[in-house]
Amino acid sequence: MSTNHKLLVKNAKQVVLICNNGEKYLTKHGMNNLSVIENASVVIGSDGLIRAVGPAETIRARYSESSFDNVIDATGMCVLPGLVDAHTHPVWAGDRVHEFAMKLAGATYMEVHRAGGGIHYTVEHTRAAAASDLLTSLRSRLQRMQRAGTTLVECKSGYGLELQTELKMLEVIEEARSSLPINISSTYCGAHAVPKGKTVAEATEDILQVQLPRLKELMSAGRLQVHNIDVFCEQGVFDLVSTRAILQAGKEMGLNINFHGDELHPMNSAEMGAELGALAISHLEEVTDEGMVAMAKAKTAAVLLPTTAYILRLPQPRARDMLDAGVIVALGSDFNPNAYCCSMPVVMHLACVNMRLSMTEALAAATINAAFALGHSDTHGSLEVNKHGDLLILNATRWEHLIYQLGGHQEVIRFVVIGGNVVYDNDKTLDL
């Protein structure tokens, strides 16, 4: 086969495919039986897509006459799919480091919220910020995520709560998409909180009559790419009635339903989301047994956020019960001013220790299942032919070191590759 390709990663100790039969997601059994090839190589074509994955000898023979723009000798190393972060709020101004002290002293999330902190504090600063400043900070945050192995990330708006700032945030996300290698799934989250001075009914009306129609115009004109719609369905925020109306309106615009539910109180958000055909629901610390059954039946992914439960000292999401019920379990960092974590390896570690996932379950949840939660598991989340050439190369002989070494990913990740291009070359890795 005499042709030119973009990248050959050869002689890896392990290549973790995740799955190898075109699965769009994995449930409990599949998550504990990941596809791994020992002593293997990966070929990425000039179009940035995976051309071949297999035993090193087979790849060597098949591509003996091919040329490559780049060759990485991964002897003694491991190759994994790029990680997928299925839930982030990365566009904002004004950090909330002062609130961490309040939480440590015992203040609850809603107590901070009612005191003028929380989302409202960030909204005030984000409304005042120039788009250029928001873009600068967003680029920095996404680059940090990329260095920690994230190659596909969901990015929400939601710190505007009125048309102009929500559009400013979405435009900043659009600019980041066009100027950075990391893949982005964009989410409109105008119903992140009820704006000061408005009732739930007034806020819902503004979203339905002002914000979504304008968003639809910009999407139709090709000026914005938005993929998902999100609502914070919670007591004191948006109730089930308004949440349903907003999500349904977004669905009719072609947006995937992907929303916050059952975080602080059991709201029956899972049951409603399953009924609406939601692609994913996040948080679910207070999900009911009936909600789990409904989500499993509807194939609605549960995006679990171990950083949030950890920082807010909430009950952990019942990940094991969800897996037993057949729910598609995914992971996200929930990166935001309240949960400042850019690292999916740390998220996976917390999921294993605090939510009792196995390491294989955590990796599947942060790859193929997180990609499914964003509607991208046909192109991302596993190392299979014709998928995007997004991968990590670890300076370790077992892939589990990425999770096992809490906070040690900076010294374990050797290369991050997106579309066959090396976007992070870390020569500071340490031998184990």
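**Exercise 1. The main core**

Task: Find which residues touch the most other members of the largest nonpolar core.

Solution.
- Step 1. The largest nonpolar core holds 111 residues. Within this core, Leu142 and Leu331 touch the most other members.
- Step 2. Helix 14, residues 344–355, contributes the most to this core, with 8 residues.
- Step 3. A second core of 19 residues is separate, and it includes Ala12, Leu17, Ile393 and Val417.
- Step 4. The background is general: in soluble globular proteins, nonpolar side chains tend to be buried together.
- Step 5. The model is predicted.

**Exercise 2. Around Leu142**

Task: List what Leu142 touches, leaving out residues up to four places away in sequence.

Solution.
- Step 1. Set aside the residues up to four places away in sequence.
- Step 2. Leu142 then touches Val153, Cys155 and Ala176. Its list also includes Leu180, Ile182 and Ile184.

**Exercise 3. The overall fold**

Task: Decide whether the radius of gyration agrees or disagrees with that of a compact globule.

Solution.
- Step 1. Count the elements. The protein has 18 helices and 16 strands.
- Step 2. Take the expected value. For 432 residues, a compact globule would have a radius of gyration near 22 Å.
- Step 3. Compare. The protein has 21 Å, so the value agrees.
- Step 4. Add the box. Along the principal axes, the C-alpha atoms fill roughly 70 × 45 × 40 Å.
- Step 5. Check burial. Of the 432 residues, 61% are buried.
- Step 6. Check contact range. Take the contacts with a separation of 6 or more; residues 24 or more positions apart account for 73% of them.

**Exercise 4. Surface and charge**

Task: State how much of the accessible surface belongs to carbon and sulfur atoms, and how far apart the mean positions of the charges are.

Solution.
- Step 1. The accessible surface comes to about 15900 Å². Carbon and sulfur atoms own 50% of it.
- Step 2. The protein has 36 positive and 47 negative charges.
- Step 3. The mean positions of these two sets are 3 Å apart.

**Exercise 5. Ile418 and Ile403**

Task: Classify Ile418 as buried or exposed. Do likewise for Ile403.

Solution.
- Step 1. Place Ile418. It lies in strand 15, residues 413–418.
- Step 2. Apply the cut-off: buried means under 20% relative accessible area. Ile418 has 6% relative accessibility, so it counts as buried.
- Step 3. List its contacts, not counting residues up to four places away in sequence. Ile418 touches Gln146, Thr151, Pro181, Ile182, Asn183, Gly389, Asp390 and Val423.
- Step 4. Add a distance. Ile418 and Thr150 are 268 residues apart along the chain, and their C-alpha atoms are separated by 9.7 Å.
- Step 5. Turn to Ile403, found in helix 17, residues 401–404. Its relative accessible area is 2%, so Ile403 is buried.
- Step 6. Beyond residues up to four places away in sequence, Ile403 touches Met348, His349, Cys352, Met359, Ala362 and Leu363.
- Step 7. Ile403 and Trp92 are 311 residues apart in sequence; C-alpha to C-alpha, they are 29 Å apart.

**Exercise 6. Exposed sites and positive phi**

Task: Classify Gln209 and Arg356 by accessibility. Then state the phi of Arg356 and of Asn386.

Solution.
- Step 1. Gln209 lies in helix 8, residues 200–220. Exposed means over 50%. Gln209 has a relative accessible area of 52%, so it is exposed.
- Step 2. The C-alpha atoms of Gln209 and Ser358 are separated by 46 Å, with their positions 149 residues apart along the chain.
- Step 3. Arg356 sits in the loop between helix 14 and helix 15 (359–365). At 62% relative accessibility, Arg356 counts as exposed.
- Step 4. Phi of Arg356 is near 65°, a positive value in a residue other than glycine.
- Step 5. Asn386 is in the loop between helix 16 (368–373) and strand 14 (391–394). Its phi is near 80°, again positive in a residue other than glycine.

**Exercise 7. Leu314**

Task: Locate Leu314 and list its contacts, leaving aside neighbours within four places in sequence.

Solution.
- Step 1. Leu314 lies in the loop between helix 12 (306–312) and helix 13 (319–324).
- Step 2. With those neighbours set aside, Leu314 is in contact with Glu263, Leu264, Glu285, Thr308 and Ala309.
- Step 3. Leu314 and Ser220 are 94 residues apart in sequence and 41 Å apart in space, C-alpha to C-alpha.

Definitions and conventions. Residues numbered from 1 in each chain as written. Heavy atoms only, no water. Helix = DSSP H or I, 4+ residues; strand = E, 2+ residues; numbered from the N terminus. Rg over C-alpha atoms; globule rule 2.2 N^0.38 Å. Buried < 20%, exposed > 50% of the residue type's maximum accessible area, 1.4 Å probe, protein only. Contact = heavy atoms within 4.5 Å. Areas by Shrake-Rupley, 256 points an atom, 1.4 Å probe, with all protein chains shown as cover. Lys, Arg positive; Asp, Glu negative; His and termini not counted. Charge placed at Lys NZ, Arg CZ, Asp CG, Glu CD. Core = buried A, V, L, I, M, F, W, Y, C linked by side-chain atoms within 4.5 Å.
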